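Here are my notes on the model, set out as numbered points. Please read them with the coordinates open.

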Amino acid sequence: MRTDSGRIMHLADYRRTDFVLERVDLTFELDPTATKCTSRMLLHRREGSPADAPLVLDGDELKMTGLLYDGMPMEAERYTEEDDQLTIRDLPESGSFEITVDTEINPEANTKLMGLYRTGGVYCTQCEAEGFRRITYFYDRPDVLCVYTVNIIADKESCPLLLSNGNFLGGAGYGEGKHFAAWFDPHPKPSYLFALVAGDLGVVEDTFTTMSGREVALKIYVEHGKEPRATYAMDALKRSMKWDEEVFGREYDLDIFMIVAVSDFNMGAMENKGLNVFNDKYVLADPETATDADYANIEAIIAHEYFHNWTGNRITCRDWFQLCLKEGLTVYRDHEFSADQRSRAVKRVAEVRHLKSEQFPEDAGPLAHPVRPTKYREINNFYTTTVYEKGSEVTRMIATLLGRDLFKKGMDLYFDRHDGEAATVEDFVKCFEDASDRDLGQFSLWYHQAGTPLVTASAAYDQAKGTFTLSLEQMIPPTPGQTAKEPMHIPLRFGLLLADGSEAVPTAVEGIEITEDVLHLTERKQTAVFSGIASRPVLSLNRGFSAPINLHFKQSPADLAHIARHDRDLFARWQAVGDLALPHLVEAARKARVGEDITVDPLLGETLLLLAADESLEAAFRAQALNLPSEADVARELGSNNDPDAIRKGRETITQAIARQGAAIFAKLFDRHRVEGGFTPDATSAGRRALRNAALSYLAAAEGNPQRAAASFAHADNMTDLSAALTVLAHRFPDAPETAAALETFRTRFADNALVIDKWFSIQATIPGEGALQRIQTLMESPLFNAANPNRVRSLVGTFAFSNPTGFNRADGAGYRFLADQILAIDPRNPQLAARILTSMRSWRALEELRADHARNALRSISSNDKLSPDVSDIVERMLNG
Ligand code: TRP
Ligand code: ZN
């Protein structure tokens, strides 16, 4: 059994292993409850290691049935087996030797979904980060790379398919209704990239010819009958392979690339070498059951896992502190891919929305940590939005600082220099320094200092001198374990807009370094003077969200409206609408809190509607412009003492005002943007649907009855429109008979499709207001609820806690107590899932006093439990003490 020692891992303690693993041969004899695993490792003592150093291997909940040294049973006095490790002594000073470990595994009983488990009758593995040690004793750490041979023996009838990493060597019958297959992966890899899949699955097949003319077999395995729903994923895979060749010059390196979709999975997907395993949510799609957002996610995640082949697999991480080295970089690559496949500006808007709603709150709360942390207790809890999304933003800033060509040169150097190695963040940054001759020392603070920098800007124009003066000040807020911070290197893209929409070109700039259209803020306080400016300009700052910061810049509503109308950077136009709206939403929340009347400045609606009605802009962008900052955005802006009910009430009042102001425009948008002909998931059609459904949502608010949404639901011929209409019905008219009827129709029509039923749960889980908790509890009693399936638990419990601010943060604290009970119920079965859902309380300290008290009590009630997993224990303790 594994017990939580509470041991903390420190980056500073990194040490190489005493032994070098040359190769490993694994044999699995699969059985639902008693799988036999034999691992034969060839090792030798590392040069320079002490002659008496023992071999210490990692393990977790293992049952060892045999241990051999060079083929002979190991003497009992030469080894010690403990909870989480196997120590072997008296090993030779030089020369290779062989250790064989036999273990017996019960995949059926593995509900943690780490190591070897069963899902839908299929054997499947998940080894990142520390799952391989649940299969056998091993050097389960990313800096130990070796080649693997894998033999799989299984029942022929129930497991016709036997898969592992690398290339297929061969297979044959094995007597007694069994057969076997052998795989060899020529690329040395760490254990976290090992994978095995066995079962009876259907397949979609294709091929890809690489840039050097090699043909690669592509296979996507799904449940029988679901093959037609995997064709979009296959298309996305081929586009990803092509894009990585064209943009990063990276070619695939095996004869075969496989993807397996499973329905029980802890995260999105896993990049195992040559054998990616996916949550089926990110593979399966057809017009009837998948939304445009689902298609976009599938495309992004297929690309992400494929791109890991170079950034993660061929160049891996030295230790788990370096996680952003593969994740941040790979997210950056998948963001760029999606931007090239779709509209770059719209993609950027979606990224920034996501960053602000997920990463900024994490960085502002008790769970804040640097992109490259220096300590952790449970590594599973560091697969965070900070490591992934902020990590991606840091990579993006390197590209911004260096410019396209030097960034490319640095990436090529990285691939060249570190291929086949386990690298560090420092190795990565050094490549860009060497490629560009720039010193990135100060810039590297982005990896080491947690917290979202706050940049305060103020500007003045001097007509007589023709100068424009910009004062900037940066402050990085304190975060757990980091009180004092150094000023950072912040790249701010900018433009000086003139009254006619053109841009001023200064004759000189003093006080700050500028490269092309980027200001380099490097000091705590800096003042820039731009000369030769003939008339007052409007400053557009942090264009494209070039730096992931909070920007406080008191621009007049007129200036923001000017940017919203004229900036050549489409992203900046969206940002200006948000900046215009946010103070109104904040003010409305304040007034709602004290019961004052809320007045709405018509300029906000005018600006929004101007963009929404502008036919020269793409529909997807116009839909984003209509999407006001969320309740979470308002809470973040308020910072502390939050009352989610007041925030919602304020936002709702403004929504209603805009809905009335623009009723005629919305009606036109709704009528004119119906997508005719069959469904295609392309970005243009998706944009039209998004705009039309945004209009529907405002119209429902203006009209105050469910008829239009009910009609839209009845006429929908695709899941995007169907679920959008159902959401409007459920959220705006929860008690209307039309809503009950639509929910019932939806449920019966899709009862046999788990991914659609997840949507049915999620839509209901996000119905705002006090009654939400009762609804959730009733839904948990539904025969469709399944506590054993992570997607289902996330769709109901997770969605309620993360995405229903008024329902979850009920003033009486019942939402928190419910969550605490759920966490304690989920934890024994699946700690990773429990810990992840618990992070929904990461902003509890920013709540008003009474709610914060209730939240603290709920967290304490979790913490006082003495059988917590390390995962939940780590989160709850940091949440209470951070
Ligand atoms: N490395 C995976 C990715 O980002 C995610 C991952 C990490 C994961 N740990 C996991 C997936 C555990 C499933 C289970 O692509
Ligand atoms: Zn990843």
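1. Val 283 is a good place to begin. Leaving out residues up to four places away in sequence, Val 283 touches Ile 220, Val 222, Arg 229, Ala 230, Ala 233, Ile 259, Ala 261, Phe 278 and Ile 298. Together with Ile 99 and Phe 194, Val 283 is among the residues with the most contacts inside the largest nonpolar core, a set of 167 residues. There is also a second core, separate from that one, with 118 residues; Ile 658, Phe 666, Leu 669 and Ile 862 belong to it. The model is a predicted one, and these contacts should be read as such.

2. The zinc site comes next. Which protein atoms are the donors of the zinc ion (ligand 2)? They are NE2 of His 304, NE2 of His 308 and, entered twice, OE of Glu 327, at 1.9 to 2.8 Å from the ion. Along the chain, the donors of this zinc ion follow the spacing H-x3-H-x18-E. His 304 lies in helix 2 (residues 292-307) and Glu 327 in helix 3 (residues 323-341); the two are 23 residues apart, and the pair links distant parts of the chain.

3. The geometry of the zinc site is irregular: the zinc ion (ligand 2) has six donor atoms, with angles of 48 to 160 degrees among them. Are the donor residues His 304 and Glu 327 buried or exposed? His 304 has a relative accessible area of 7% and is therefore buried. Glu 327 is buried as well, because its relative accessible area is 1%. The cut-off applied in both cases is under 20%.

4. Strand 10 (residues 115-119) has four buried residues out of five, so that the strand is mostly covered. Its partner is strand 11 (residues 122-126), and the two pair in the antiparallel sense over five bridges. One of the bridge partners is Thr 125 in strand 11, which is matched with Leu 116. The two strands form a hairpin with two residues between them, and Gly 120 in the turn has a positive phi of about 55 degrees.

5. An open sheet is built from five strands in the order 28-31-26-25-33, with mixed pairing. Its edges are strand 28 (508-510) and strand 33 (550-553), each of which pairs on one side only. From one strand to the next the twist averages 20 degrees. Within this order, strand 25 (residues 454-462) and strand 26 (residues 467-475) pair in the antiparallel sense over nine bridges. In strand 26, Leu 472 is the bridge partner of Ala 457.

6. How many residues of helix 12 (residues 619-626) are buried? Eight of its eight residues are, and the helix is mostly covered. The buried residues include Arg 622 and Gln 624, along with Ala 619, Ala 620, Phe 621, Ala 623, Ala 625 and Leu 626. They pack against helix 4 (344-363), helix 10 (570-594), helix 11 (602-613), helix 15 (663-672) and helix 16 (683-703).

7. A last point concerns Gln 822, placed in helix 24 (residues 814-826). Its relative accessibility is 14%, so Gln 822 counts as buried. Apart from neighbours within four places in sequence, Gln 822 is in contact with Met 780 and Val 797.

Conventions. Residues are numbered from 1 along each chain as its sequence is written. Chains are lettered from A and ligands numbered from 1 in the order in which they are written. This is a predicted model: local features need pLDDT of at least 70, side-chain atom pairs count only at pLDDT 80 or more; totals for chains, interfaces and linings use all residues. Side-chain values use heavy atoms; hydrogens and water are left out. Donors are N, O and S atoms within 2.8 Å of the metal (3.2 Å for Na, K and Ca); water is not among the atoms, so sites may look incomplete. Four donors count as tetrahedral if all angles lie between 85 and 135 degrees; four count as square planar and six as octahedral if opposite donors are over 155 degrees apart and all others between 65 and 115; anything else is irregular. Buried means under 20% relative accessible area, exposed over 50%, partly exposed in between (1.4 Å probe, protein chains only). Contact means heavy atoms within 4.5 Å. Two strands pair if DSSP finds at least two bridges between them. Axes are lines fitted to C-alpha atoms, for helices over the stretch in contact, and angles run from 0 to 180 degrees between N-to-C directions. A nonpolar core is a set of buried Ala, Val, Leu, Ile, Met, Phe, Trp, Tyr and Cys residues joined through side-chain atoms within 4.5 Å.
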